[in-house]
Amino acid sequence: MSILRWSRCMAMAVAAACLLALLGCGDEEITYPECSSFTKNGVSPPIDATTCREACVTAEGLAEINGNLEDWKGSSGAGECACIQASGGHRTICKDANYTR
């Protein structure tokens, strides 16, 4: 087998291995800790916008950006707390299992 042919075979094998490794990426459901039991760094569990804000500061070490920091949705025991990042994105830090949008 020539070196060129061997190189092509190896390149195809590597490409196939990479493709197989990436199959299924993004299909997994992301799970978050329950807000009702979230106590990272001693913070009180997020149950509303005020306690979600406190969790973003105390548990995640984030700061307010243009007056925005927390993104609380839902109600006590059935909510989701996310923190607004400098990039403009949101980082969900907890989500109760019975929270629905």
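The exercises below work through a predicted model of one chain, each with a stepwise solution.

**Exercise 1. State how many helices and strands the chain has and in which order they run.**

Step 1. The secondary structure amounts to two helices and three strands.

Step 2. Reading from the N terminus, the order is α-α-β-β-β.

Step 3. Of the 101 residues in the chain, 25% are buried. Carbon and sulfur atoms supply 57% of the exposed area of about 6,800 Å².

**Exercise 2. Find the buried residues of helix α2, and work out how they are placed around its axis and what they pack against.**

Step 1. Helix α2 spans residues 49-58, and its buried residues are T51, C52, A55 and C56.

Step 2. These residues cover an arc of only 150° around the axis, so they lie on the same side of α2.

Step 3. The general rule is that an α-helix has 3.6 residues a turn, so residues three or four places apart point the same way.

Step 4. The buried residues of α2 pack against β1 (70-75), β2 (78-84) and β3 (90-95).

Step 5. At the N-terminal end, α2 is capped by D48, with a side-chain oxygen 3.2 Å from the backbone nitrogen of T50.

**Exercise 3. Identify the salt bridge partner of R53, and say where both residues sit and how accessible they are.**

Step 1. The side chain of R53 meets that of E70 in a salt bridge, at 2.8 Å from N to O.

Step 2. R53 belongs to helix α2 and E70 to strand β1, so this pair links distant parts of the chain, 17 residues apart.

Step 3. Partly exposed means from 20% to 50% relative accessible area. R53, at 27%, is partly exposed, and E70, at 21%, is partly exposed as well.

**Exercise 4. Decide for E60 and E80 whether each is buried or exposed, and name the salt bridge partner of each.**

Step 1. E60 pairs with R91, the closest N and O atoms being 2.6 Å apart. R91 is in strand β3 and E60 in the loop between α2 and β1, so the pair ties together parts 31 residues apart in sequence.

Step 2. The relative accessible area of E60 is 18%, which makes E60 buried, whereas R91 is partly exposed at 29%.

Step 3. E80 pairs with K95, with 4.0 Å between the closest N and O atoms. The pair links strand β3, which holds K95, to strand β2, which holds E80, across 15 residues.

Step 4. E80 is buried at 4%, while K95 is partly exposed at 29%.

Step 5. Salt bridges with shared partners join K40, E60 and R91 into one network.

Key:
Residues are numbered from 1 along each chain as its sequence is written. This is a predicted model: local features need pLDDT of at least 70, side-chain atom pairs count only at pLDDT 80 or more; totals for chains, interfaces and linings use all residues. Side-chain values use heavy atoms; hydrogens and water are left out. Helices (H or I, at least four residues) and strands (E, at least two) are DSSP runs, numbered from the N terminus. Buried means under 20% relative accessible area, exposed over 50%, partly exposed in between (1.4 Å probe, protein chains only). Accessible areas come from the Shrake-Rupley method with a 1.4 Å probe; for residues, only the protein chains shown count as cover. The arc is that of the directions from the helix axis to the C-beta atoms. Contact means heavy atoms within 4.5 Å. A polar contact is a pair of N or O atoms within 3.5 Å; within protein, one must be able to donate a hydrogen and the other to accept it, and residues adjacent in sequence count only if both atoms are side-chain atoms.
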